Amino acid sequence: MTKRISLTQYLVEQQREHGHIPAQLRLLIEVVARACKRIAISVNKGELGDVLGSAGSENVQGEVQKKLDVISNEVLIEANEWGGHLAAMASEEMDSIHVVPNRYPQGEFLLLFDPLDGSSNIDVNVSIGTIFSVLRKVNNQRGVSEEDFLQPGKQQAAAGYCIYGPQTTLVLTVGDGVAMFTLDREMGSWVLTQENVQIPEDTKEFAINMSNMRHWDAPVKRYIDECLAGKEGPRGKDFNMRWVASMVADVHRILTRGGIFMYPWDKRDPDKPGKLRLLYEANPMGFVVEQAGGMVSNGRQRIMDIQPTKLHERVSVILGSKNEVQRVHDYHQDV
Ligand SMILES: O=P(O)(O)OC[C@H]1O[C@](O)(COP(=O)(O)O)[C@@H](O)[C@@H]1O
Ligand SMILES: [Mg+2]
Ligand SMILES: [Mg+2]
């Protein structure tokens, strides 16, 4: 029988070999993974668990919250606030940060999350997920404020996501490559199923919401036009298109077989840098994709280098197979 490596064993061995996972970070990752298991149970229950449909409220970004957005947010907060590993949390679904209550010890890490990604897919039984990012609280003074969260993505200590699909898979980086763990539902444990995940450098598959085409900027239009021209066009090859509309699922496909994902700035709302959130979506996915040998850009710069100026900041996102992302990035420099 092949030996099964659990998430706990993986983290302990990483610590032993590389020494870069302090005990608080290990606990934090295990607690997030446990919370994801609870969310997975709710997702699986669907209608039977009364978790589908709208919660009848709006989040700080003016988006209608689904019941599962709210449930997942609560699960992550409850699971993480008492362990002594965190100072505070920030979420796409909360107006401001959630500081660990005084009755619990304060830890040295900050946790950020998109509790439920792909909200439009919840009710239609399509893959959705949870995205998380971990920062160190760099300011050693007592207390914690929103400023502590405004760190560029390259400072993340860990990041990852859990995808609730036909399988429930946890994808994790602690800055030393990317590992995937599949949930064994009968045993209730995370089992290491892939290590050193690598995104192929080239691809013939792109992911973008084509309904926004008329609003795109010239470099994005040029890139997609060239893909659509296929064998007869300047690229000399046919491309395929996939768009799940859950970032976790689109990124997971890219980690598995390559591809390029774009949610670029567009002219619908020119003052908005993009749709996706820098701290809860782009940075954690950026860390994972870069650790798997891919590239992540906003068209102008590496996303992980951006200095955030506010908690719910948005950003234009181009990520995936290195050579394709580099091409789109270069097209932006030509204009
Ligand atoms: O519906 P659109 O415009 O195609 O947007 C889809 C994108 O929006 C998102 O659903 C945004 O995330 P949330 O569901 O967490 O708000 C991404 O997962 C996805 O890539
Ligand atoms: Mg999201
Ligand atoms: Mg969300």
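**A tour from C162 to the annotated site**

Select C162 to begin: it is buried, with a relative accessible area of 0%. This is a predicted model.

Now add C36. It too counts as buried, at 0% relative accessibility. Why is there no bond from C36 to C162? The sulfur of C36 is 4.3 Å from that of C162, its closest cysteine sulfur, which is too far for a bond. A disulfide needs the two sulfur atoms within 2.5 Å. Searching the whole structure turns up zero disulfides.

Next, select D114, D117 and E281. The UniProt annotation "binding site", from an unreviewed entry, covers these residues. They span 168 residues in sequence, yet no two of their C-alpha atoms are more than 8.6 Å apart, so they gather at one spot. Show the largest pocket: its lining includes D114, D117 and E281.

Zoom to D117. Its place is in strand β5, residues 109-117. Buried or exposed? D117 is buried, with a relative accessible area of 5%. Leave out residues up to four places away in sequence, and D117 touches I128, G129, I131, S246, M247, V248 and E281.

Follow that last contact to E281. E281 is found in helix α6, residues 278-291. At 2% relative accessibility, E281 counts as buried. Setting aside neighbours within four places in sequence, its contacts are E92, D114, D117, I131, M247 and L276.

Finish at R277. Its backbone nitrogen lies 2.8 Å from a polar atom of the E281 side chain.

Key: Residues numbered from 1 in each chain as written. Chains lettered and ligands numbered in written order. Predicted model: local features only at pLDDT ≥ 70, side-chain atom pairs only at ≥ 80, totals over all residues. Heavy atoms only, no water. Buried < 20%, exposed > 50% of the residue type's maximum accessible area, 1.4 Å probe, protein only. UniProt positions renumbered as here; feature names shortened; annotations may be inferred. 1 Å grid on protein atoms, 1.4 Å probe; cavity = no way out; pocket = protein on both sides within 12 Å on 5 of 7 lines; lining within 4 Å. Helix = DSSP H or I, 4+ residues; strand = E, 2+ residues; numbered from the N terminus. Contact = heavy atoms within 4.5 Å. Polar contact = N/O pair within 3.5 Å; in protein donor to acceptor, adjacent residues only side chain to side chain.
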